[in-house]
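Below, labels applied to one model are set against the definitions behind them. The sequence and structure come first.

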Amino acid sequence: MLEVEHLAVNYRGVTAVEDVSFRSLPGQMVGVIGPNGAGKSTMVKAILGLVPISSGVVKFRDRSLKQQLNSVAYVPQRSQIDWDYPITVWNVVMMARTVHTGWFREPSKPSQEIVKEALARVGMLELRSRQIGELSGGQQQRVFLARALAQQAELLFFDEPFVGIDQKTEAIMFDVFAELKLQGKILLVVTHDLGTALTKCDQLLLLNKQIIATGSLKEVMTADNIQRAYGDSVLLLNR
Ligand SMILES: Nc1ncnc2c1ncn2[C@@H]1O[C@H](COP(=O)(O)OP(=O)(O)O)[C@@H](O)[C@H]1O
Ligand SMILES: [Mg+2]
């Protein structure tokens, strides 16, 4: 079980995330929704120990998650990845294995096999020698999905994975997520748009600095909760 308790983050004295608590069981997909600037990415980074927290505890299997980061895969938001960085598709996914083999050693045969399988799973094996910057948005997102798979993690975090992708990528992504759930993994998926992805989640967190609501789609997506999280802007969208 993943347990987040009273998590809070300040950036130079300004609160970005306040008193976030939730739990998630193996085989569950948690959807994190909320407007731009709600602190969704910050919450994920705080859980992973990538930004300093001002309070809170994050536990996985009753132990601090920080001590178990090799059980975690994280796909950052597109805007946080340097797409001009000269690296091939194959090597992006192989990076997931360097935690096991070390950077300067020749990747082991099993690692190569795992990378190959992960790329095949997302339909990117043929493009393995391409530079990452030469791919479409959907293809890039699939490469990072493959990297997460190759990590063989127990906890997987995806920050806005549906932004700028095509339908084929979306279908593959939903397929892989369903598979991971069946394998008993815990998935946490951030999305700012209130689309079909939400129907696949076992639990939703509606965030705007604090948790505005949590529970099932029906429990969370009430007019009142959405109004509280998104303010009046969402009313314009519904006209
Ligand atoms: N590194 C940072 N330094 C200072 N402020 C930040 C930093 N990253 C994010 N913020 C601020 O924290 C708030 C939450 O940002 P973020 O977590 O990116 O929201 P979301 O992912 O929901 O759009 C925003 O007001 C943002 O400007
Ligand atoms: Mg974000």
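This is a predicted model, in which local features need pLDDT of at least 70 and side-chain atom pairs count only at pLDDT 80 or more, while totals for chains, interfaces and linings use all residues. Residues are numbered from 1 along each chain as its sequence is written, chains are lettered from A and ligands numbered from 1 in the order in which they are written, and side-chain values use heavy atoms, with hydrogens and water left out.

Q: What makes threonine 42 a polar contact of ligand 1?
A: A polar contact is a pair of N or O atoms within 3.5 Å; within protein, one must be able to donate a hydrogen and the other to accept it, and residues adjacent in sequence count only if both atoms are side-chain atoms. A polar side-chain atom of threonine 42 lies 2.5 Å from an oxygen atom of ligand 1, so the pair falls within that limit. An N or O atom in the side chain of serine 41 is 2.9 Å from an oxygen atom of the ligand, and for a polar backbone atom of glycine 39 the distance is 3.0 Å.

Q: Why are Ser41 and Gln77 called donors of the magnesium ion (ligand 2)?
A: Donors are N, O and S atoms within 2.8 Å of the metal (3.2 Å for Na, K and Ca), and because water is not among the atoms, sites may look incomplete. Ser41 (OG) and Gln77 (OE1) lie 2.1 to 2.4 Å from the magnesium ion, and therefore both qualify. The pair links distant parts of the chain, 36 residues apart, with serine 41 in helix 1 and glutamine 77 in the loop between strand 6 (72-75) and helix 2 (89-101); helices (H or I, at least four residues) and strands (E, at least two) are DSSP runs, numbered from the N terminus.

Q: Why is serine 41 called buried?
A: Buried means under 20% relative accessible area, exposed over 50%, and partly exposed in between (1.4 Å probe, protein chains only). Serine 41 has a relative accessible area of 16%, and so it counts as buried.

Q: How do you know that glutamate 3 is buried?
A: Its relative accessible area is 10%, which means that glutamate 3 is also under the cut-off. Glutamate 3 belongs to strand 1 (residues 2-11), and its side chain makes a polar contact of 3.4 Å with that of arginine 23.

Q: What makes helix 4 largely enclosed by the rest of the structure?
A: Of its 14 residues, 13 are buried, so helix 4 earns that description.
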